[in-house]
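Please open the structure in your viewer and follow the stops below in order. At each stop, select what is named and compare it with the text.

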Amino acid sequence: MSKLAGKIAVITGGNSGIGLTTAAYFVAEGAYVYITGRRQRELDAAVALIGKNVTAVQGDVTNLANLDRLYAQISAEKGRIDILFANAGITNQHATLDKLTEQNYDLAFDTNVRGVLFTVQKALPLMGPGSSIILNSSVAAVKGVSGMTVNAASKAAVRSFARTWTTELSDRGIRVNVVSGGYIDTPILKTHNLTDEQIEQVNKRLATTMPMHRLGTSEEIAKAVVFLASDDSSYMSGSDIAIDGGLAQV
């Protein structure tokens with residue numbers, strides 16, 4: 001039997017990378033999935049790729065009116081949310097402390113902290129007992145990596161959210177857990193305007209820092225999210241699953 005049969009799921013940032021891969025896994029496991037993203041063309045391509053049981057709603061998680069519109073549509077069409085994967089985030093605000101700008105700070109915290117907070121808050125009226133919330137953090141939250149000041153701090157806030165919300169939502173029967181990836185091979189490096197050759201060089205260099213000597217994949221994150229979304233993890237809440245090839249573990 002499919003692990004998510006009959007479930008209604010929402011994935012923010014579901015138009016590419018980890019979000020898109022997870023959406024495809026959710027559908028394969030029997031869920032109906034709503035995906036969001038800022039770029040309509042990528043959303044359309046994602047829907048075509050997944051092929052069935054998916055609806056795309058264009059929007060930005062930092063825009064509360066966009067979130068209201070998303071949840072109003074889900075309420076009208078499905079009436080509930082069983083799984084929420086607050087995945088949308090940015091990781092490209094790299095700068096050492098002496099070079100950080102106000103814009104770096106605002107971009108990281110608006111998306112990774114404010115966006116996650118209100119994505120979850122505004123979904124709550126549609127979530128009941130047995131629902132699962134999964135937050136996307138990073139092992140950067142516990143690693144002291146140069147140039148990651150605002151990224152790491154924003155992801156640490158996400159980890160903190162899960163602890164607090166686990167306590168606050170326990171009486172409602174809603175579980176909250178976290179996935180924290182290490183270096184994952186996703187299209188994010190293309191946002192740095194690097195050539196394919198440069199991206200390959202960066203990935204090879206990062207792989208040398210990993211105990212497993214390779215980058216992770218979106219599929220490996222998605223499988224963990226499916227586990228946290230399903231009844232297989234029914235006695236888990238407040239947990240942080242590190243999918244990092246051992247990077248932050250040894």
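Select Lys 3 and Asp 232: their side chains meet in a salt bridge, with N and O 2.5 Å apart. Lys 3 belongs to the segment before β1, while Asp 232 sits in the loop between α7 (218–229) and β9 (240–243), so this pair ties together parts that are 229 residues apart in sequence. Keep in mind that the model on your screen is predicted. Lys 3 is partly exposed, at 42% relative accessibility, and Asp 232 is also partly exposed, with a relative accessible area of 48%.

How many salt bridges does the structure hold? There are eight. In general, side chains of opposite charge can pair when their charged atoms come close.

Next, select Asp 240 and Arg 159, whose side chains form another salt bridge, at 3.5 Å from N to O. Asp 240 is in strand β9 and Arg 159 is in helix α5 (residues 149–169), so parts that are 81 residues apart in sequence are tied together by this pair. Is Arg 159 buried or exposed? Its relative accessibility is 13%, and the cut-off for buried is under 20%, so Arg 159 counts as buried. Asp 240 is partly exposed, with a relative accessible area of 33%.

Now select Glu 220 and Arg 214. Their closest N and O atoms are 2.7 Å apart, in a salt bridge. Glu 220 is partly exposed, with a relative accessible area of 29%, and Arg 214 counts as partly exposed at 36% relative accessibility.

Move on to Arg 175, in strand β6 (residues 175–181). Arg 175 is buried yet has no salt bridge. Where is the nearest side chain of opposite charge? That side chain belongs to Asp 231, 5.5 Å away. A salt bridge needs the nitrogen and the carboxyl oxygen within 4 Å, so a pair at that distance does not count as one. Look instead at Met 236: its backbone oxygen lies 3.0 Å from a polar atom of the Arg 175 side chain. Show the surroundings too: Arg 175 touches several residues distant in sequence, including Ser 131, Ile 133, Leu 228 and Ser 237.

Helix α3 is the next selection, residues 64–77. At 1.5 Å a residue, its 14 residues should span 20 Å, and its end C-alpha atoms are 20 Å apart, which agrees. Colour Asn 66, Leu 67, Leu 70, Tyr 71 and Ile 74, the buried residues of α3. Turn the view to look down the helix axis: these residues fall within an arc of 125 degrees, so they line one face of the helix. On the other side, Ala 65 and Ala 76 are exposed. What covers the buried residues of α3? The cover includes strands β1 (8–11), β2 (32–37), β3 (54–58) and β4 (83–86), along with helix α4 (102–123).

Zoom in on the ends of α3. Asn 63 caps the N-terminal end, with a side-chain oxygen 3.0 Å from the backbone nitrogen of Ala 65. After the helix comes Gly 79, whose phi is positive, near 85 degrees.

The last stop is Gly 128, in the loop between α4 and β5 (132–138). Gly 128 is partly exposed, with a relative accessible area of 24%. Select Ile 81 as well: the two residues are 47 apart in sequence, with C-alpha atoms 7.9 Å apart in space. Beyond its neighbours within four places in sequence, Gly 128 is in contact with Ile 81, Arg 172, Gly 173 and Ile 174.

Methods
Residues numbered from 1 in each chain as written. Predicted model: local features only at pLDDT ≥ 70, side-chain atom pairs only at ≥ 80, totals over all residues. Heavy atoms only, no water. Helix = DSSP H or I, 4+ residues; strand = E, 2+ residues; numbered from the N terminus. Buried < 20%, exposed > 50% of the residue type's maximum accessible area, 1.4 Å probe, protein only. Lys, Arg positive; Asp, Glu negative; His and termini not counted. Polar contact = N/O pair within 3.5 Å; in protein donor to acceptor, adjacent residues only side chain to side chain. Contact = heavy atoms within 4.5 Å. Expected span 1.5 Å × (residues − 1). Arc of directions from axis to C-beta.
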